[in-house]
Amino acid sequence: WLADSGFRHRSHLMALRAFRILRLLRVVRLVQTLLRGDFHWVDSPAFQWLAGLVIALNAVFMGLETEFVGNPIWWWVNQAFL
């Protein structure tokens with residue numbers, strides 16, 4: 001059973017390496033997609049206003065969260081901003 005245990009350990013390591021390579025390939029494909037993408041909509045005034053509004057609201061809620069520490073609602077608010 002000892003020899004079999006070493007073989008299983010080696011096969012698990014090979015499987016983990018394969019998953020790491022697949023993860024790396026997925027990241028490379030994502031980067032290629034992002035580099036080829038058209039992001040002209042980011043420069044639009046509507047997007048700029050929306051991004052500014054989200055940042056301002058997040059700042060307000062962070063201030064409220066520091067004022068009212070321990071309220072369980074803050075977990076849900078943080079999840080909404082994510």
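This is a short tour of three stops in the structure above.

The model is predicted, so local features need pLDDT of at least 70 and side-chain atom pairs count only at pLDDT 80 or more, while totals for chains, interfaces and linings use all residues. Residues are numbered from 1 along each chain as its sequence is written, and side-chain values use heavy atoms, leaving out hydrogens and water.

**Stop one.** Select Phe19 in helix 1, residues 2-36 (helices are DSSP runs of H or I, at least four residues, numbered from the N terminus). Phe19 is exposed, at 55% relative accessible area (exposed means over 50%, buried under 20%, with a 1.4 Å probe and protein chains only). Now add Ile21, Leu22 and Leu25: with Phe19 they make a nonpolar surface patch of about 440 Å² (patch residues have over 30% relative accessible area and no salt bridge; nonpolar side chains are joined within 5 Å, like charges within 9 Å). A salt bridge is a Lys or Arg side-chain nitrogen within 4 Å of an Asp or Glu carboxyl oxygen.

**Stop two.** Select Arg20, also in helix 1. Arg20 is exposed, at 55%, and gathers with Arg17, Arg23, Arg26 and Arg29 in a surface patch of positive charge.

**Stop three.** Move to Trp74 in helix 3, residues 73-81. Is Trp74 buried or exposed? Trp74 is buried, with 9% relative accessible area. Leaving aside residues up to four places away in sequence, Trp74 touches Phe61, Leu64, Glu65 and Phe68 (contact means heavy atoms within 4.5 Å).

Notes. Areas by Shrake-Rupley, 256 points an atom, 1.4 Å probe, with all protein chains shown as cover. Helix = DSSP H or I, 4+ residues; strand = E, 2+ residues; numbered from the N terminus. Lys, Arg positive; Asp, Glu negative; His and termini not counted. Charge placed at Lys NZ, Arg CZ, Asp CG, Glu CD.
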